[in-house]
Amino acid sequence: MLRKQKLQEADFTRPGTEDVWEDVITDRFLIRMLARFVTPYWKQLLLTFLLLLGVSAMSLSLPYLIKQAIDGPITEAVTSGAENPDLSGLIPYGIAYFLAVATLFGLRFSHTYLLQTVGQNALADLRQTLFQHILRQDMAFFNKTPVGQLVARLSNDIDALTELLSTSIVMVVSNSITLVGIIVVMFAINWRLALIALSVMPFMVSATIYFRRRIRRASNRFHRIVAEYLAYINEQFNGMLVVQLFGRQEASRAEFERINRQYRDVHMKIRDYYTVYASILQILTSVGLGIVLYGGGQGVLAQWATIGTLIAFIDYMRRSFEPILQLSEQVAQIQTALSAGERIARMLRIEPQIVDPPQPKHITDLQRSVTFEHVTFSYEPGHPVLRDINLHIPAGQHVAIVGATGAGKTSLAGLLTRFYDVDEGRVLIDGVDIRELPLAELRQYVSVVPQNPYCFNGTIADNLRLFDPSVTYEQMVEAARVAAADKFIERLPGGYDFMLLPGGANLSQGQRQLLALARALIHSPRSILVLDEATSNIDTETEELIQEGLARVLRGRTSLIIAHRLSTVRDADRILVMQRGQIVEDGTHETLLRANGLYARLYRRQFAQLRLDERYNTSEVSQATEGTAQRREV
Ligand SMILES: Nc1ncnc2c1ncn2[C@@H]1O[C@H](COP(=O)(O)OP(=O)(O)O)[C@@H](O)[C@H]1O
Ligand SMILES: [Mg+2]
């Protein structure tokens, strides 16, 4: 126990690579999970099992046929003392042997074929289930789980299970049946010789127990390292800009080398265990063979065994090599697969906290009023980021939210779409607690344009339509026009068919924001619109265009606009000022200026800077003089 802990401390220092969802999965649960994916194919599985029995029976019959031939016609011929002994009695044995081998081939082929089909189908189901399960998770899950870990579950771990379902289990079952069959037949033929043959068995069992544990532990580590490996490369490639800007390549390289070395070492360790284990088994089987030869020879002399029996036993012993060796190989595979299965099961057990209500309500006549009642919210228990928020936004009001970074503006917007649920209090739309609405419906009522929107691999049109062919070209262009995105799109080669690089890398951040805004206008034409610093990277001129466009489409539609630039905010019906998780000021531009509080200070500071900007008309100067402006204001 202590050693295990030490191992983990030494190896897994990188945060976020360990399975965050530490949760004990019993073998029972695991087997039940696997059974769930296999049961739809029970008929085929039954058939493969029957085929398997046939395979074992056939391969067991071969040495027995030889024994019968030797003890029957051959011994007769040898002991008859005739000049030309009659060996025609051998013919039926020859024919039977040939037929048995041919049948064996046919059975084995159909068995493997059928099994592979079932295994692949069951796994396709599992992959689908897992992906859909991840799709259902809430934001807390995605914030907590590194992408590398999700990728590892859906690739490596599934691969390991594929091995388990399509080969390992069958190999184990078939080899076990063959082994048991061999032992039973041995006892049936000659119990004394059978006991002699089995004398090495306890040693084999001990070796198996010894190595089983070590291999399982090593393969658990292996998979953690694979997850770390995937998480690391994912992180490095995503953060390549920072890596190169700050010249962190050397650190990157060294860290990769460390993980890569661990990867190799743990792989080799598994190999080592397996090689030693296999060698020990091979030695034990050879020893067993020697003992049978010696004991059997004694038996023939003492007449409690025949030559045919001895030869059959040697054949049976040799035939038991293969299943035992394969079983030992499968032990490693199965351990790997089981720990992969465990991780998948653990992920499948996580239930999203944010789900549809059991008896959902519906809003029949959407007015779009928003109410926060005594809302307190925290990401981490004990550290509230929103405290006792009380707010009523009547339908159709245009509200702006300002406040320092970290004040809780994004969190407030996130609550409205139920990315998270409140700890205390309620959030209501048209008087209905949003927890009583179906999630899909709620997200039609509220659409948030985030500050850092994501672009998918595809054209501009794909990204605007979100791959939904029912969005017409006209709808798309109209939305782009309102969002003031049309100008830049038309200048791109191919216009709306311009192909975006992964993540939209060939657009500027501001252009991505314009696309996101247009996208929200297309897909939620009647929703409450929340812009979370959605125009923060857009020049003032374009922003003015957007405001004009929005003023038209948002007429009568509730909107919440989180912004830093107070020029955006000035014309809102109402301005909320947030500070440390609370709304500290609430009013129109004029009333807030008159109140001479936080907003008035912010405004005067920006206004002073604006005037400076106008005077020098360069941003460098404005930055250099920012300090002066502030001082003058005080
Ligand atoms: N996913 C998260 N998990 C934990 N804490 C978070 C998370 N997102 C934001 N926070 C914390 O919540 C506070 C408010 O953040 P946020 O609502 O994003 O502020 P704003 O949008 O006003 O800049 C910050 O102190 C931040 O550290
Ligand atoms: Mg924010």
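Leu-53 is found in helix H3, which spans residues 42-80, and in this predicted model the residue counts as partly exposed because its relative accessibility is 36%. Together with Trp-42, Leu-46, Leu-47, Phe-49 and Leu-50, Leu-53 makes a nonpolar surface patch of about 590 Å².

From this patch the account turns to the aromatic side chains. A search of the whole structure finds 14 aromatic pairs, and one of them joins Phe-211 and Tyr-273, whose rings meet edge-to-face with 6.4 Å from centre to centre and 65 degrees between the planes. Phe-211 belongs to helix H8 (residues 201-238) whereas Tyr-273 belongs to helix H10 (residues 249-302), so the contact ties together parts of the chain that are 62 residues apart in sequence. Phe-211 itself counts as buried, because its relative accessibility is 6% and the limit for that class is under 20%.

Another edge-to-face pair is formed by Tyr-454 and Phe-456, with 5.2 Å between the centres and 75 degrees between the planes. Here Tyr-454 counts as exposed, since its relative accessibility is 51% and the exposed class begins over 50%, while Phe-456, at 39%, counts as partly exposed.

The rings of Phe-211 and Tyr-273 also take part in a wider grouping, for Tyr-210, Phe-211, Tyr-273 and Tyr-277 form one aromatic cluster. A charged side chain accompanies a member of this cluster: Arg-214 lies over the face of Tyr-210, at 4.0 Å from the ring centre. An arrangement of this kind is also found elsewhere, where Arg-349 lies over the face of Phe-29 at 4.3 Å from the centre of the ring.

The strands remain to be described. Four of them form an open sheet, in which the order is S2-S1-S4-S5 and the pairing is antiparallel. The edges are taken by strand S2 (384-393) and strand S5 (432-433), and because each has a single partner strand, one side of each is left without a neighbour in the sheet. At the S5 edge, the partner is strand S4 (residues 424-429), and the two strands pair in the antiparallel sense over two bridges. Within this pairing the register can be followed at the level of residues, since Leu-428 stands opposite Asp-433 in S5.

Terms used
Residues numbered from 1 in each chain as written. Chains lettered and ligands numbered in written order. Predicted model: local features only at pLDDT ≥ 70, side-chain atom pairs only at ≥ 80, totals over all residues. Heavy atoms only, no water. Phe/Tyr/Trp six-rings, centres within 6.5 Å; stacked < 30°, edge-to-face > 60°. Helix = DSSP H or I, 4+ residues; strand = E, 2+ residues; numbered from the N terminus. Buried < 20%, exposed > 50% of the residue type's maximum accessible area, 1.4 Å probe, protein only. Lys NZ or Arg CZ within 6 Å of the ring centre and 35° of its normal. Patch = residues over 30% accessible without salt bridge, like charges linked within 9 Å, V, L, I, M, F, W, Y side chains within 5 Å. Areas by Shrake-Rupley, 256 points an atom, 1.4 Å probe, with all protein chains shown as cover. Salt bridge = Lys/Arg side-chain N within 4 Å of Asp/Glu carboxyl O.
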